[in-house]
Amino acid sequence: RRRTGGEEKLLESLRTEITILREYGRHENILQLRDVYDRPTSVLLVEELATGGDLLGWATHAPSRTGHQHLSFTEGHAASATRQILKAVAYLHD
């Protein structure tokens with residue numbers, strides 16, 4: 001099947017993401033890309049296991065995908081999360 005222009009643009013964006021993860025994914029606060037499978041109809045990314053749900057769900061007290069309710073999201077948690085995010089951003093821009 002022939003790809004449309006929108007699909008090609010999406011694939012180019014995905015290739016850029018893969019390149020970034022391969023080059024910079026060695027930081028403790030950046031999800032590590034383990035492998036990539038490029039198939040005719042799909043691209044599969046194998047990433048490290050990240051348990052515990054997502055930051056937004058935790059901050060808003062939403063249950064994680066596993067159904068577990070998170071503990072209260074305190075100012076200390078917010079400060080820690082912000083530090084981790086900023087360390088990753090600083091690493092990417094060094």
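# Reading the contacts and the pocket

Visitor: Leaving aside neighbours within four places in sequence, which residues is Val 36 in contact with?
Guide: The partners are Ile 18, Arg 22, Val 43, Leu 44 and Leu 45. The model is predicted. Each pair counts as a contact because heavy atoms lie within 4.5 Å.

Visitor: How many helices and strands does the protein have, and what pattern do they follow?
Guide: There are 3 helices and 2 strands. Along the sequence they run α-β-β-α-α.

Visitor: Why is Ile 18 called buried?
Guide: Its relative accessible area is 8%. The cut-off is under 20%, so Ile 18 qualifies. This residue lies in helix α1.

Visitor: What does Ile 18 touch, not counting residues up to four places away in sequence?
Guide: Leu 33, Val 36, Val 43 and Leu 45. Take Leu 45, which is 27 residues from Ile 18 along the chain. Their C-alpha atoms are separated by 8.4 Å. The pair still counts as a contact, because the test is heavy atoms within 4.5 Å.

Visitor: Which residues make up the largest nonpolar core?
Guide: This core has 6 residues: Ile 18, Leu 21, Ile 30, Leu 33, Val 36 and Ala 88. Helix α1 (5-24) and strand β1 (33-38) each supply at least two of them.

Visitor: What makes this set a nonpolar core?
Guide: Its members must be buried nonpolar residues joined through side-chain atoms within 4.5 Å. Ile 18, at 8%, meets the burial test because that is under 20%.

Visitor: Why does Gly 25 count as buried?
Guide: Gly 25 has 6% relative accessibility, which is under 20%, so the label fits. Gly 25 sits in the loop between α1 and β1. Beyond its neighbours within four places, it contacts Ile 20, Ile 30, Leu 31 and Gln 32. Gly 25 and Ala 88 are 63 residues apart in sequence and 9.7 Å apart in space, C-alpha to C-alpha.

Visitor: Where is His 27 placed?
Guide: In the loop between α1 and β1. At 14% relative accessibility, His 27 is under the 20% cut-off and therefore buried. Neighbours within four places aside, it contacts Lys 87, Ala 88 and Tyr 91.

Visitor: What lies 2.9 Å from a polar atom of the side chain of His 27?
Guide: The backbone nitrogen of Asn 29. That distance is within the 3.5 Å limit, so it fits the cut-off for a polar contact.

Visitor: How many residues line the largest pocket, and which lie nearest its centre?
Guide: The lining has 19 residues, and Asn 29, Ala 50, Gly 53, Leu 55 and Gln 84 lie nearest the centre. The pocket holds about 650 Å³ of space.

Visitor: Which element supplies the largest share of that lining?
Guide: Helix α3, with 4 residues. Both α2 (55-59) and α3 (75-93) supply at least two.

Visitor: How do the lining residues divide into nonpolar, polar and charged?
Guide: There are 9 nonpolar, 7 polar and 3 charged. Ala 50 and Leu 55 are in the lining, and both count as nonpolar because Ala and Leu are in that class. Gly 53 is also there; it counts as polar because the scheme puts Gly in that class.

Visitor: What share of the protein is buried?
Guide: Buried residues make up 14% of the 94 residues. As for contacts with a separation of 6 or more, 29% join residues 24 or more positions apart.

Terms used
Residues numbered from 1 in each chain as written. Predicted model: local features only at pLDDT ≥ 70, side-chain atom pairs only at ≥ 80, totals over all residues. Heavy atoms only, no water. 1 Å grid on protein atoms, 1.4 Å probe; cavity = no way out; pocket = protein on both sides within 12 Å on 5 of 7 lines; lining within 4 Å. Points joined across faces, edges and corners; volume = space filled by probe spheres on them. Buried < 20%, exposed > 50% of the residue type's maximum accessible area, 1.4 Å probe, protein only. Polar contact = N/O pair within 3.5 Å; in protein donor to acceptor, adjacent residues only side chain to side chain.
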